[in-house]
Amino acid sequence: MSALLELQNISVSIGSAQLLDGVSLRLERGQTLGLVGESGSGKSLTAMAAMGLLPLIGGHVSDGSVRFDGQDLASLNDTQRRALRGRRIGFVTQNPMTALDPVQRIGAQIDVVSRLHLGLTKQAARARTIDLLTQLRIPEAQAVAEAWPHQLSGGMKQRIVIAMALTGDPELIIADEPTTALDVTVQAQIIQILAGLVREKGVALLLITHDMGVVAQICDRVAVLYAGRLAEEGPVAPIFAAPQHPYTTALINCIPQEGMARGTLRGIPGAVPSARQYPSGCRFHPRCTRATADCAALTPPLITRGDGQAACLHLPEVAL
Ligand SMILES: Nc1ncnc2c1ncn2[C@@H]1O[C@H](COP(=O)(O)OP(=O)(O)OP(=O)(O)O)[C@@H](O)[C@H]1O
């Protein structure tokens, strides 16, 4: 059976800038794939490519293909692509404020999605809205449906956005840093809600995050992006036990350890280069502790390691 979502060697360009270079991902039904990397590594562009949304920002897939349930997105017209989003693919954005209309009551905003995608009557749509809110353990669902967005907390608003993403009964949910705008205590609840949807409804989840701790908690596989290229990809447990790529190691080392004093959060020295100034060879080499002269000259190919792959000229000798 084909994967639910498959990106095969895609490159993405906006104008003359090539922003993604040969990225491949596979996501099976009922699985969670974490897509990680620092800000600017290409996570959001990958998500937009997966949803066929690149034209919105003037971008396009310049090489490779994006397949959903075996179907090449490039072979669909705009109407078909729109039907796919919202119906079979649900999207949860970073900031619930931008996803909700401040001048419409909550219920009306969710109703409209199921009327549009499922063709439900007004009454049936409202019943479905209440059902979805209840499934997301929102107390007093009736009252919340009558509320305005500004009356709800940030965490509650993000649950509403998740409810909207679920209205079409999607097979895939793409969540782009869904907890960034929320308080730390609420972040864990939202992550648990998403993990629950995978467990209970069997949806596939593409979770974009820069939090490796969350990846370790709920993902089956992880894909590590750096400067528009895949650094490493594979099942979570072996990657955390023995990361192959130095960038993955650096990201794992940034996870705050229990008992660590506040303010001692470690970062990776240096910064992700901008797309117009990608270094030659391995794009991570200027920040890499393992780099040699070769790393500045040669582009490392992706090498299969166990059930995963990593792109480094100096992979550890012992595979997983
Ligand atoms: N519309 C655009 N036009 C030009 N360059 C862009 C555009 N969108 C993104 N980029 C560039 O593409 C690269 C990847 O961006 P992307 O937003 O995918 O990163 P990200 O990993 O999602 O970061 P963040 O965590 O900050 O959302 C960056 O160098 C960014 O500056």
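Here a trainee and a mentor talk through a predicted model, one question at a time.

Trainee: Let's start with the eight-strand open sheet: which strands are at its edges?
Mentor: The eight strands of this open sheet come in the order 6-7-8-3-9-10-12-11, with mixed pairing. From one strand to the next, the twist averages 20°. An edge strand here pairs on one side only, and that gives us strand 6 (89–92) and strand 11 (303–305).

Trainee: Staying with that sheet, which residue of strand 12 stands opposite E233?
Mentor: Look at strand 10 (residues 229–235) and strand 12 (residues 308–310), which run antiparallel and are joined by two bridges. Opposite E233 in strand 12 you'll find Q309.

Trainee: Is strand 7 mostly covered or mostly open, and how many of its residues are buried?
Mentor: Go through it side by side: L172, I174 and D176 point one way, I173 and A175 point the other way, and all are buried. Strand 7 also has parallel partners, with four bridges to strand 6 and five bridges to strand 8. So the strand is mostly covered, and the buried count is five of five.

Trainee: A175 keeps coming up; which residue in strand 8 stands opposite A175?
Mentor: On the strand 6 side, V92 is the residue opposite A175. Strand 8 also pairs with strand 7 in the parallel sense. There, the residue opposite A175 is L207.

Trainee: At what angle does helix 8 run to strand 8?
Mentor: Helix 8 covers residues 184–201 and lies across strand 3 (32–36), strand 7 (172–176) and strand 8 (204–208). Its direction relative to strand 8 is about 155°.

Trainee: What about I193: buried, exposed or partly exposed?
Mentor: I193 is found in helix 8. Beyond its neighbours within four places in sequence, I193 is in contact with L136, R159 and I162. Buried would take 20 or more C-beta neighbours within 10 Å. I193 has 17 inside that distance, so the call is partly exposed.

Trainee: Now the four-strand sheet: why do strand 2 and strand 5 each have a side without a neighbour?
Mentor: This open sheet has the order 2-1-4-5, with antiparallel pairing. One side of strand 2 and one of strand 5 (71–72) is left without a neighbour in the sheet because each stands at an edge, with a single partner strand.

Trainee: And inside that sheet, what is the bridge partner of L5 in strand 4?
Mentor: Strand 1 (residues 5–14) and strand 4 (residues 59–68) run antiparallel, with eight bridges joining them. L5's bridge partner in strand 4 is F68.

Trainee: Why do the buried residues of helix 1 end up on the same side?
Mentor: Helix 1 lies across strand 1, strand 2 and strand 4. Buried in this helix (residues 43–50) are K43, L45, T46, A49 and A50. They sit on the same side of helix 1 because the arc they cover around the axis is only 165°.

Trainee: Which element gives the most residues to the shell around the ligand?
Mentor: The ligand has 14 residues around it, the closest being L19, S39, K43, S44 and L45. By type, the shell has six nonpolar residues, seven polar and one charged. Strand 2 (17–27) and helix 1 each supply at least two of them. With three residues, the one giving the most is helix 1.

Notes:
Residues are numbered from 1 along each chain as its sequence is written. This is a predicted model: local features need pLDDT of at least 70, side-chain atom pairs count only at pLDDT 80 or more; totals for chains, interfaces and linings use all residues. Two strands pair if DSSP finds at least two bridges between them. Axes are lines fitted to C-alpha atoms, for helices over the stretch in contact, and angles run from 0 to 180 degrees between N-to-C directions. Two residues are in contact if their C-beta atoms, placed from the backbone, lie within 7 Å. A residue is buried if 20 or more other C-beta atoms lie within 10 Å of its own, exposed if 12 or fewer, and partly exposed in between; C-beta atoms are placed from the backbone. The arc is that of the directions from the helix axis to the C-beta atoms. A residue is near a molecule or strand if its C-beta atom, placed from the backbone, lies within 6 Å of it. Ala, Val, Leu, Ile, Met, Phe, Trp, Tyr, Cys and Pro count as nonpolar, Asp, Glu, Lys and Arg as charged, and the others, Gly among them, as polar.
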